[in-house]
Amino acid sequence: MTLSAMRAWVAALGVLLSVSAAARPVSYTGGWTLLQTANRASTAGLLHYSISHNVSVGVRHEWQRGDDVTLTALQPTLLAKRWYGHNYQANVYLTGGLGTATDRSVASLGSDTASFVGVMTDWETRTLFVSYEARFLEQGKLGNHSMHAARFGWAPYTGDTGELHTWLMLEVDHRKHFDNKTTVTPLLRFFKGPALFEAGYNVTDSAPMFNFTYRF
Amino acid sequence: MKKILLILAVTLTSLPVLANDNHRVMDHHAQHEKNQGEMNHDEMNHGEMNHGEMNHGPEHSHGSHEHPTENAKEDVMTMSAPAITTTDDITAALANGGAPVVVDVLGVVCDFCAVAMNKIFGKREEVSALYVDLDKKTLSLVVNKGASLSDEDIENLAKKAGYRIAAIRRDAEALGG
């Protein structure tokens with residue numbers, strides 16, 4: 001197998017078998033979800049409403065700390081495919097966004113229209129978890145960014161309904177516009193009822209990660 | 001990066017990925033129904049079944065064949081249809097004359113799944129108590145006395161929650177009888 005064929009195989013496998021770091025970006029019909037993420041690149045919040053079991057619409061606000069740029073966008077997400085198993089669930093989500101990016105730095109370049117597209121995929125059992133997501137962001141004069149992130153997770157025990165669920169995870173992300181393009185973040189995920197909390201530390205870029213999701 | 005991706009790929013290939021086990025529950029139900037009629041023991045895998053809780057039908061005799069796991073651990077059910085999960089709410093609702101329903105749900109792997117099912121089914125007036133059991137992968141319902149919730153209703157509600165159902169059991173079967 002050639003290296004390029006292996007790359008394509010790994011990429012395809014990742015797309016087929018992965019879960020979003022955003023932890024289920026579409027909820028049940030009529031459900032609201034609040035997501036907050038903070039990682040080496042940005043701090044972001046997304047509030048979305050699921051108009052059906054496979055479509056959600058939300059508002060996203062994001063601060064790209066390195067460039068000091070903020071992004072506010074309307075973000076629809078489609079659950080394109082879900083596989084239902086007795087012991088697993090797998091999903092493919094497609095997302096996009098349209099809004100405004102604003103340079104908050106002293107030498108501000110002003111604002112510009114921003115848009116993004118993304119794909120999020122996952123495969124999950126009670127004890128194993130694999131995920132991949134990618135986003136391509138265009139912000140005109142404020143720069144374009146791409147991001148890829150893959151995760152592998154393992155639960156040391158299987159918690160029942162309403163109990164505390166704990167996951168040990170490892171995330172590998174790739175951001176072309178960073179000095180350290182590819183980094184590794186070990187993290188812990190705690191999950192109980194409608195709330196999910198993640199805490200990790202990017203060992204390559206020496207940056208903390210905190211994510212929170214609440215479903216209501 | 002290449003090394004990391006390679007390690008990830010090797011790890012993934014070792015997983016029991018995307019095995020199509022959607023039919024496991026249904027298969028057992030089909031087998032269970034078969035047991036209630038005329039049994040063909042040659043076609044059955046006794047090693048995976050707990051016969052203590054199965055209805056073998058009036059013609060069935062246990063004396064004529066071996067059960068590898070029988071008497072080893074009677075309380076372990078690996079392939080049997082789970083009964084209703086009893087909580088305080090469910091016990092009270094049953095005591096008030098409610099009808100038990102057990103739904104085998106596909107794709108239920110985390111608490112978000114349970115939250116979704118609770119929200120969707122909990123809004124229905126017909127439902128007096130419910131519980132999502134992640135271990136059994138079931139939704140246990142008690143339907144109010146005099147009310148009804150059809151299989152089609154349950155299927156549609158599960159779909160609104162984002163899930164699919166594999167089987168529905170009611171009344172004595174839901175109670176494990």
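**Confidence, packing and two tyrosines**

Colleague: In which element of chain A is confidence lowest?
Modeller: In chain A, confidence, given as pLDDT (the predictor's confidence in each residue, from 0 to 100), is highest in strand β9 (residues 165–175), at a mean of 97. This is a predicted model, in which local features need pLDDT of at least 70 and side-chain atom pairs count only at pLDDT 80 or more, while totals for chains, interfaces and linings use all residues. Residues are numbered from 1 along each chain as its sequence is written, and chains are lettered from A and ligands numbered from 1 in the order in which they are written. With elements taken as DSSP runs numbered from the N terminus (helices H or I, at least four residues; strands E, at least two), the lowest mean in chain A, 47, belongs to helix α1 (residues 3–16).

Colleague: Over which residues of chain A is the pLDDT below 50?
Modeller: Chain A has a mean pLDDT of 90, and 89% of its residues reach 70 or more. The stretch below 50 nevertheless has 41 contacts in the model beyond near neighbours in sequence, a contact being two residues whose C-beta atoms, placed from the backbone, lie within 7 Å. Where pLDDT is low, the predicted coordinates should not be read in detail. In chain A, the stretch with pLDDT below 50 is residues 9–21.

Colleague: In chain B, over which residues does pLDDT stay under 50?
Modeller: Chain B averages a pLDDT of 69, with 55% of the residues scoring at least 70. Among its elements, strand β3 (residues 138–143) has the highest mean, 96, and helix α2 (residues 24–36) the lowest, 40. The model has 68 contacts beyond four places in sequence for the stretch in question, which is residues 7–78 of chain B.

Colleague: How many strands does chain A have?
Modeller: From the N terminus on, the order of elements in chain A starts with α and continues with β. The secondary structure comes to one helix together with strands, whose number is 12.

Colleague: At what angle do helix α4 and helix α5 of chain B pack?
Modeller: Helix α4 (residues 111–122) and helix α5 (residues 151–161) of chain B have axes 9 Å apart, where axes are lines fitted to C-alpha atoms, for helices over the stretch in contact, and angles run from 0 to 180 degrees between N-to-C directions. The helices pack at an angle of about 135 degrees. That makes α4(B) oblique to α5(B), because angles under 35 degrees count as roughly parallel, over 145 as roughly antiparallel, 65 to 115 as roughly perpendicular and the rest as oblique. In α4(B), Ala116(B), Met117(B), Ile120(B) and Phe121(B) meet Leu157(B), Lys160(B) and Ala161(B) of α5(B), at an angle of about 135 degrees.

Colleague: Is Tyr88(A) buried or exposed?
Modeller: Tyr88(A) lies in the loop between β4 (69–84) and β5 (89–103) of chain A, and beyond four places in sequence its contacts are Trp123(A), Glu124(A), Thr125(A) and Val109(B). A residue is buried if 20 or more other C-beta atoms, placed from the backbone, lie within 10 Å of its own, exposed if 12 or fewer, and partly exposed in between. Because Tyr88(A) has 21 other C-beta atoms within 10 Å, Tyr88(A) is buried.

Colleague: How far apart are the C-alpha atoms of Tyr201(A) and Pro186(A)?
Modeller: Tyr201(A) is found in strand β11 (residues 195–202) of chain A and, with 15 C-beta neighbours inside 10 Å, counts as partly exposed. Leaving aside neighbours within four places in sequence, Tyr201(A) is in contact with Thr185(A), Pro186(A), Pro208(A) and Met209(A). Tyr201(A) and Pro186(A) are 15 residues apart along the chain, and their C-alpha atoms are separated by 6.1 Å.
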